[in-house]
Amino acid sequence: MPSPIVDKLKGRVEKKPTAFHMPGHKGKKEFIPFDLFSFDITEIDGFDNLHNPSGIIDESRKLCAEIFGADETFYLVNGSTSGIMAAVYALCGDGDKILVGRNCHKSVYSGIILSGAKPVYITPEKTFFNTFGVVSKEAVEEAISKNPDIKAAIFTSPSYEGFCMDIKSVSDILHKKDIPLIIDEAHGAHFKFSEEFPETALSLGADIAVQSIHKTLPALTQCSLLHLKNGLIDMKKIRDAVSMFTSTSPSYIFMAAMDNCQNLLSKKADELFKEYVSNLKIFYERVKKLKKLKILSKHLVFGEIPVFDMDFGKIVCIVDNKNINYVEKILKKYYNINIEMKGTSHILFMTSVCDSKEDFKLLGDALFYIDGKISSPLFEDTSLSFNFPSPICPLTPKEAFNAEREKVSFKDSMGLISAEFIIPYPPGIPLLVPGELITPRIIELAETYIEAGIELIGCEDSSLFEINIAVASYDSF
């Protein structure tokens with residue numbers, strides 16, 4: 001009998017691709033130098049317990065908190081998703097209002113469904129290549145003035161493409177009203193270790209920051225951290241919520257990988273990040289000479305996109321959507337480069353301290369080859385967009401999720417209320433959330449994603465021939 005997952009992974013290993021995608025260790029064993037199989041144990045005597053840490057796990061997470069500048073840090077073996085859901089659940093209950101950036105990850109909406117909170121959405125500003133930018137401080141101020149009973153706020157910074165919001169100004173606005181701020185900093189775990197990157201959410205006033213160290217640091221997939229700052233939050237309630245959303249059989253392999261990562265950073269962060277930043281600067285200087293492909297840089301972003309800061313560890317290549325499949329094919333077939341994400345008008349390459357000088361040179365070589373082959377200098381078609389319209393929410397996500405459901409033709413669902421998600425993946429930002437009205441623009445966007453071959457998750461029928469709607473929509477809207 002075949003082993004489809006094992007066989008596919010073995011085939012990939014044999015090809016030895018250059019990985020410009022997560023996880024941050026990039027498959028290089030020197031960054032995680034231990035035998036994974038022999039470390040797979042349970043809570044035997046002397047090895048502590050993640051749900052009540054008082055020994056080696058407690059010692060390790062305290063060392064980690066010190067490195068990242070937190071008052072308390074939790075090891076998340078279920079990924080950042082569990083930390084975000086725990087944070088939302090701990091801060092909000094049924095009917096409580098939570099201020100939410102509409103570019104938040106699926107896990108935020110899952111936390112909202114479980115908590116029963118009522119989201120007050122802020123739609124981020126739009127980029128010139130049809131993705132979300134960031135939530136502005138002005139939009140936060142306006143939302144707070146209209147909703148003085150907000151209990152908590154959660155925003156994503158940096159975004160999948162590396163765009164950062166003005167966390168300091170936003171935290172100041174919220175803290176004047178005693179509103180705690182959660183930042184989904186899943187893609188910014190590396191910020192702490194070089195002044196060339198944006199400042200960390202904790203240093204800018206966030207009360208809770210959740211980081212996926214596996215994305216941009218040497219750690220295994222699912223290894224994440226939840227950081228807390230004392231003040232506005234009930235630390236005990238957060239601890240209890242984290243435990244609720246954590247497996248009672250936590251992986252010692254993951255915990256060992258997180259411990260290894262904090263130890264590596266404590267000893268070699270300066271050395272590793274000095275070389276990493278140097279490699280990035282050389283790469284960005286080189287690709288300035290590209291004529292048709294466009295690589296975003298801080299200079300270009302600040303001139304064309306309304307963002308506060310940018311993580312230049314995310315390499316964003318703007319490509320005419322007529323050429324984007326060709327670009328991905330050349331990268332994979334001729335240069336053996338695997339990318340992080342192909343959008344509708346851009347390709348994302350994720351980098352880390354584990355990428356070598358040779359890796360960056362290979363990527364540059366590939367881009368210059370492609371630049372000489374394509375004809376269109378910039379993307380033109382704006383119908384393919386990851387910048388979603390502001391939602392109309394007749395029901396809360398929990399009300400819609402728990403409502404009686406009925407399947408209807410997606411093409412005929414305009415004016416009804418969704419009981420499920422539609423999420424283009426990656427990056428996992430929902431086009432549609434339970435409780436939201438299905439509009440003509442939602443239908444149009446979903447159909448363009450399907451035509452473009454973009455995977456949709458969260459919906460029972462990923463082809464969107466049918467969709468589950470909340471029956472309440474017939475009577476109450």
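A salt bridge is a side-chain nitrogen of Lys or Arg within 4 Å of a carboxyl oxygen of Asp or Glu. The legends below describe close-up views of a predicted model.

**View 1. Salt bridge between Glu328 and Lys342.** The closest N and O atoms of Glu328 and Lys342 are 3.3 Å apart, and the two residues form a salt bridge. Glu328 belongs to helix α11 (residues 324–333) and Lys342 to strand β14 (residues 341–342), so the salt bridge ties together parts that are 14 residues apart in sequence. Glu328 has a relative accessible area of 28% and is partly exposed. Lys342 is also partly exposed, at 27%.

**View 2. A salt-bridge network.** Asp58, Arg61, Lys62, Glu72 and Arg239 are joined into one network by salt bridges that share partners. By the rule given at the start, the count of salt bridges comes to 21.

**View 3. Salt bridge between Asp94 and Lys398.** In this pair the closest N and O atoms are 3.1 Å apart. The salt bridge links distant parts of the chain, 304 residues apart. Asp94 sits in the loop between α3 (79–91) and β3 (97–101), while Lys398 sits in helix α13 (residues 397–402). Asp94 has a relative accessibility of 57% and counts as exposed. Lys398, with a relative accessible area of 24%, is partly exposed.

**View 4. Salt bridge between Glu196 and Lys281.** The closest N and O atoms of Glu196 and Lys281 are 3.1 Å apart. Glu196 is in the loop between β7 (181–184) and β8 (208–211) and Lys281 is in helix α9, so the salt bridge ties together parts that are 85 residues apart in sequence. Glu196 is partly exposed, with a relative accessible area of 33%. Lys281 is partly exposed as well, with a relative accessible area of 43%.

**View 5. Packing of helices α9 and α12.** Helix α9 spans residues 252–287 and helix α12 spans residues 357–371. Their axes are 10 Å apart and the packing angle is about 15°. An angle under 35 degrees counts as roughly parallel, and α9 and α12 are therefore roughly parallel to each other. Their crossing is right-handed.

**View 6. Crossing of helices α11 and α12.** The axes of α11 and α12 come within 10 Å and cross at roughly 135°. This angle makes α11 oblique to α12. The crossing of α11 and α12 is right-handed.

**View 7. Crossing of helices α3 and α8.** The axis of α3 comes within 8 Å of the axis of helix α8 (residues 235–244), and the two cross at roughly 135°. Helices α3 and α8 are therefore oblique to each other. In passing α8, α3 makes a right-handed crossing.

**View 8. Two cis peptide bonds, at Pro23 and Pro158.** Most peptide bonds are trans. The bond that joins Met22 and Pro23 is cis, with omega about 5°. Pro23 is in the loop between β1 and α2. The peptide bond from Ser157 to Pro158 is cis too, and its omega is near 5°. Pro158 has its place in the loop between β5 (150–156) and β6 (163–164).

**View 9. Positive phi at Asp178 and Leu464.** Most residues other than glycine have a negative phi. Asp178 is not a glycine, yet its phi is positive, at about 60°. Asp178 is found in the loop between α6 and β7, and at 55% relative accessibility Asp178 counts as exposed. Leu464 has a positive phi near 60°. Leu464 lies in the loop between β18 (455–457) and β19 (466–470). At 5% relative accessibility, Leu464 counts as buried.

**View 10. Ile167 and Gly205.** Ile167 and Gly205 are 38 residues apart in sequence, and their C-alpha atoms are 7.1 Å apart in space. Ile167 is part of helix α6 (residues 167–175). With 3% relative accessibility, Ile167 counts as buried.

**View 11. A nonpolar surface patch.** Ile44, Phe47 and Ile56 make a nonpolar patch of about 250 Å² on the surface. Ile44 is located in the loop between β1 (18–20) and α2 (56–68). Its relative accessibility is 41%, so Ile44 counts as partly exposed.

Methods: Residues numbered from 1 in each chain as written. Predicted model: local features only at pLDDT ≥ 70, side-chain atom pairs only at ≥ 80, totals over all residues. Heavy atoms only, no water. Patch = residues over 30% accessible without salt bridge, like charges linked within 9 Å, V, L, I, M, F, W, Y side chains within 5 Å. Areas by Shrake-Rupley, 256 points an atom, 1.4 Å probe, with all protein chains shown as cover. Helix = DSSP H or I, 4+ residues; strand = E, 2+ residues; numbered from the N terminus. Buried < 20%, exposed > 50% of the residue type's maximum accessible area, 1.4 Å probe, protein only. Axes fitted to C-alpha atoms, helices over the stretch in contact; angles between N-to-C directions. Parallel < 35°, antiparallel > 145°, perpendicular 65-115°, else oblique. Left-handed = near helix turned anticlockwise from the far one by under 90°.
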